[in-house]
Amino acid sequence: MKMTEAWIRAVVEAIHSTPSQAVIYLSGGASQSLGLLMSVPGATSTVLEALVPYSRVSMVDLLGKIPASYCSQQTAEEMALLAYNRALKLSSPGAPVVGVGFTGSLASSRPKLGDHREYELESRKIQFQFTEDEELQQVIDGQICFKIYPFSAPPNAERKIILPGSFNPLHDGHLKLLEVATSLCGNGYPCFEISAINADKPPLTVSQIKDRVKQFERVGKTVIISNQPYFYKKAELFPGSAFVIGADTAARLINPKYYDGSYEKMLEILGACKARGCTFLVGGRSTDGVFKVLEDLEIPEVLKDMFVPIPAEMFRMDISSTEIRKSRGMM
């Protein structure tokens, strides 16, 4: 084996020995590096996805626009950001991820006499990894789809069991609810989820998010920070997940009022969630002094298998974060 080949293999083996999982978008002359990466054992634990948008049409399709230059730092950065978001969606729960964007073009100069050509490889390679504050700000700005804080050891399960909420503050009822939901599912990765974006309020700030995250760190529970307040968008981010909700939220989910007054639109949107393999585990909830459970709601027949009741004898929560804030004089 030539010295150069041995050196390349050693570098690739070192890459595969890290816990990071990557999505790689390469173009032009850079595409040959993919073969080197994939030829060394261990690639399956490192490479989540690799794409070579070789033609200009393919690059436009990837970026969603015509770039100012097909080989430039800006294009490589945009490719890397897309790769990073894709890696977040495809990675194992809690795994560190990397998005790589690499553009390359072969520039030639033809001498006046003869057939000889000289080629110069011009490339721009960007690898995106961010500080915590940068990641959170980009979640808020919609550039990154979510950030996960894996404070609990992820089980050997791809499916997420997600309890969304504001968690201001996190309390024992939340912890118990997710524990019961996880036991009902049998297998899955239990996570809390906070949307930095609220449909009716200003977005959370980085400092506000970090303060709330500290609550989960103290109790050793995983939390995801996303930028999607709507469940149909959450379903796109986390396909195949089980979302844990209260009966009051379930009532809003099936109310045509929230779908421009259209019953058909409600069925269409929730049907898309169902097609992505998502389900809703519904716990009882006191609303205006009345305790309601899933069985009190009229779930459309075509959606009934999406909604799973959490028996009241297993869990009942009669207090909310809002009431706790009031009792503490925080409102």
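**Note on the fold and its salt bridges**

1. Contacts across the chain. Among contacts between residues at least 6 apart in sequence, 73% join residues at least 24 apart. The model behind this figure is predicted.

2. Make-up and surface. The protein contains 12 helices and 13 strands. It has 331 residues, of which 43% count as buried. About 17,900 Å² is exposed, and carbon and sulfur atoms supply 52% of that area.

3. Charged pairs. Side chains of opposite charge can pair when their charged atoms come close. In this model the count comes to 13 salt bridges. Three of them are taken up in the points below, each with the accessibility of its two partners.

4. Arg86 and Glu49. These two side chains meet in a salt bridge, at 3.1 Å from N to O. The pair links distant parts of the chain: Arg86 lies in helix 5 (residues 73-90) and Glu49 in strand 2 (residues 47-51), 37 residues apart. How accessible are the partners? Arg86 has 32% relative accessibility and counts as partly exposed. Glu49, with a relative accessible area of 24%, is partly exposed. Buried would require under 20%, so Glu49 at 24% does not qualify.

5. Glu236 and Arg276. Here the salt bridge has an N to O distance of 3.8 Å. The cut-off for a salt bridge is within 4 Å, so this pair is counted at 3.8 Å. Glu236 belongs to helix 9 (residues 231-237), while Arg276 sits in the loop between helix 11 (263-275) and strand 10 (279-283). The two are 40 residues apart, and the pair links distant parts of the chain. Glu236 is partly exposed at 35% relative accessibility. Arg276 is partly exposed as well, with a relative accessible area of 34%.

6. Asp260 and Lys265. The side chains of Asp260 and Lys265 form a salt bridge at 2.6 Å, N to O. Is Asp260 buried or exposed? Its relative accessible area is 68%, and exposed means over 50%, so Asp260 counts as exposed. Lys265 is partly exposed, with a relative accessible area of 32%.

7. A shared network. Salt bridges that share partners join Lys233, Glu236 and Arg276 into one network. The bridge between Glu236 and Arg276 in point 5 should therefore be read together with Lys233, given that a salt bridge pairs a Lys or Arg nitrogen with an Asp or Glu carboxyl oxygen.

Key. Residues are numbered from 1 along each chain as its sequence is written. This is a predicted model: local features need pLDDT of at least 70, side-chain atom pairs count only at pLDDT 80 or more; totals for chains, interfaces and linings use all residues. Side-chain values use heavy atoms; hydrogens and water are left out. Helices (H or I, at least four residues) and strands (E, at least two) are DSSP runs, numbered from the N terminus. Buried means under 20% relative accessible area, exposed over 50%, partly exposed in between (1.4 Å probe, protein chains only). Contact means heavy atoms within 4.5 Å. Accessible areas come from the Shrake-Rupley method with a 1.4 Å probe; for residues, only the protein chains shown count as cover.
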